[in-house]
Number of protein chains: 2
Amino acid sequence: MSTAFISEETLLSYGATYKKVNKGDLIFMEGGAACFYYQLVEGRVRWVNINEDGREFIQVMIEPGESFGEFPLFDDQPYAASAIADDDCVLLRLHKTNFHQMLRSNYDIHFNFTRLLVSRLRFKFLTLRELAYNNPEQRISTMLNYYKRLRGIEQKPCKLHLTRQQLADMTGLRVETVIRTIRTLHERGRLTIQRGKVFY
Amino acid sequence: MSTAFISEETLLSYGATYKKVNKGDLIFMEGGAACFYYQLVEGRVRWVNINEDGREFIQVMIEPGESFGEFPLFDDQPYAASAIADDDCVLLRLHKTNFHQMLRSNYDIHFNFTRLLVSRLRFKFLTLRELAYNNPEQRISTMLNYYKRLRGIEQKPCKLHLTRQQLADMTGLRVETVIRTIRTLHERGRLTIQRGKVFY
DNA sequence: GGGTAAATATGATTGGGGTCATATTTCACC
DNA sequence: GGTGAAATATGACCCCAATCATATTTACCC
């Protein structure tokens, strides 16, 4: 998952172009029409829904090598969520028609793409079940595990690159609840807090 | 969505076989290994997670023409959820290797399959957002809308083929809460209750 | 190093859905 | 048409996360 999903060379050969965006920039917006395949090269992207009150729900945190915003390329419906640069980012953009050309002419890419969708669906299945039935402690633990696994299976605890607010925005809990729960997990030795940052 | 996703003839030509299952039968179980592509021909299938306490979380209700349980065919991991016949069913089963053969030799089928995954992901995005932030009323309304749309866009209210318990198992609420909420929706004229059954 | 915004922390209070108990209705089946 | 199981209904009470208010720590920048 940490290696590029489709190699940069391949994308470039089909006409993809690099684009830089600054931290906080909106890459595309929920409800809008789409004509690009996006793949993150560097940085991090929040793929989020924002409700009327301005509250965010983070669907996925996109890491380098992953694609995002690809639904509309398949069903011609609007974007299901907005993409916001969580950091300064470099991304690759490939036009819809070229993207389809690429899938059509290369079975392995198409198949790998399908695999990515399946892994996303698995994650959603898992999350949904957690959100539906579990207490804050389990919800948060599940998220921590997921985002740890993404970084390879290094067993050593390392600094979590998510704020309490972001964890809240992924689990449907409130910041205060996340803070209190993480405190509890710390007291139980399930994770470490150093200068307020979580090590897991 | 109501038409068969891959035509029966096509599936049969690749060696698929029919199978009947009775209401309540387990078709496959969460955590198990998979070697078949399944497509529902007749009846209805609950695709669910069951937790330690025996509570179900319904991920999707499968309608005729839809496939289910296809994740393991792409990533060789176990089933993400169990499939239970919600009614007497007829299904088509295609062996994994033949399924892959079919995708490889027919771009359109592969593409359509990808489209199905995308539509599932959209549904999951929607559901997750709802579960995370909304009150029972909105959660239930969202589910009602989704399962109404599946049956074509007939605007006339028709009988909902979901029990209160099943709605609870999809939204992470308790039966009593669903019952009370549906009552409220009825009082507000958002739906009708006749002999205890919901018309929407 | 001092200033400042963001992130983390913590207490007090509240409210909404969960839980439990029990009743009533619906419907399939003989 | 009577019977029993499943589904629906309803009240009373409770608990836990949300809410609100405020304090403290961390980190970044001139």
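In this predicted model, chain B superposes on chain A by a rotation of 180 degrees with 0.0 Å of shift along the axis. The RMSD is 0.0 Å. This is therefore the relation of a two-fold axis. Both copies use the same surface: 100% of the contact residues of chain B recur in chain A.

Chain A contains an open sheet of four strands. Their order is β1-β8-β3-β6, and the pairing is antiparallel. The edges are formed by β1(A), residues 17-21, and β6(A), residues 67-68. Each of these edge strands pairs on one side only. Strand β3(A) spans residues 36-42 and joins β6(A) through two bridges, in the antiparallel sense. Within this part of the sheet, Tyr38(A) stands opposite Phe68(A), a residue of β6(A). A helix also packs on the sheet: α3(A), residues 96-105. Helix α3(A) touches β3(A) and β8(A), the latter covering residues 89-95. The directions of α3(A) and β8(A) make an angle of about 75 degrees.

The surroundings of the two DNA strands were examined in turn. Around DNA strand C there are 20 residues. Those that come nearest are Thr163(A), Arg164(A) and Gly196(A) from one chain, with Arg174(B) and Thr177(B) from the other. Three elements give two or more residues to this surface: α6(A) (164-171), α7(A) (175-187) and α7(B) (175-187). The most comes from α7(A), which gives six residues to the surface near DNA strand C. By class, that surface has eight charged residues, six polar and six nonpolar.

DNA strand D is likewise surrounded by 20 residues. Here chain A supplies Arg174(A) and Thr177(A) to the nearest set, while chain B supplies Thr163(B), Arg164(B) and Gly196(B). The elements that give two or more residues to the surface near DNA strand D are α7(A), α6(B) (164-171) and α7(B). Helix α7(B) has the largest share, with six residues. The surface near DNA strand D divides into eight charged, six polar and six nonpolar residues.

Both chains thus take part at each DNA strand. Near strand C, α6(A) and α7(A) are joined by α7(B). Near strand D, α6(B) and α7(B) are joined by α7(A).

Definitions and conventions
Residues are numbered from 1 along each chain as its sequence is written. Chains are lettered from A and ligands numbered from 1 in the order in which they are written. This is a predicted model: local features need pLDDT of at least 70, side-chain atom pairs count only at pLDDT 80 or more; totals for chains, interfaces and linings use all residues. A residue is near a molecule or strand if its C-beta atom, placed from the backbone, lies within 6 Å of it. Ala, Val, Leu, Ile, Met, Phe, Trp, Tyr, Cys and Pro count as nonpolar, Asp, Glu, Lys and Arg as charged, and the others, Gly among them, as polar. Copies are superposed by least squares on the C-alpha atoms of residues with pLDDT of at least 70 in both. Two residues are in contact if their C-beta atoms, placed from the backbone, lie within 7 Å. Two strands pair if DSSP finds at least two bridges between them. Axes are lines fitted to C-alpha atoms, for helices over the stretch in contact, and angles run from 0 to 180 degrees between N-to-C directions.
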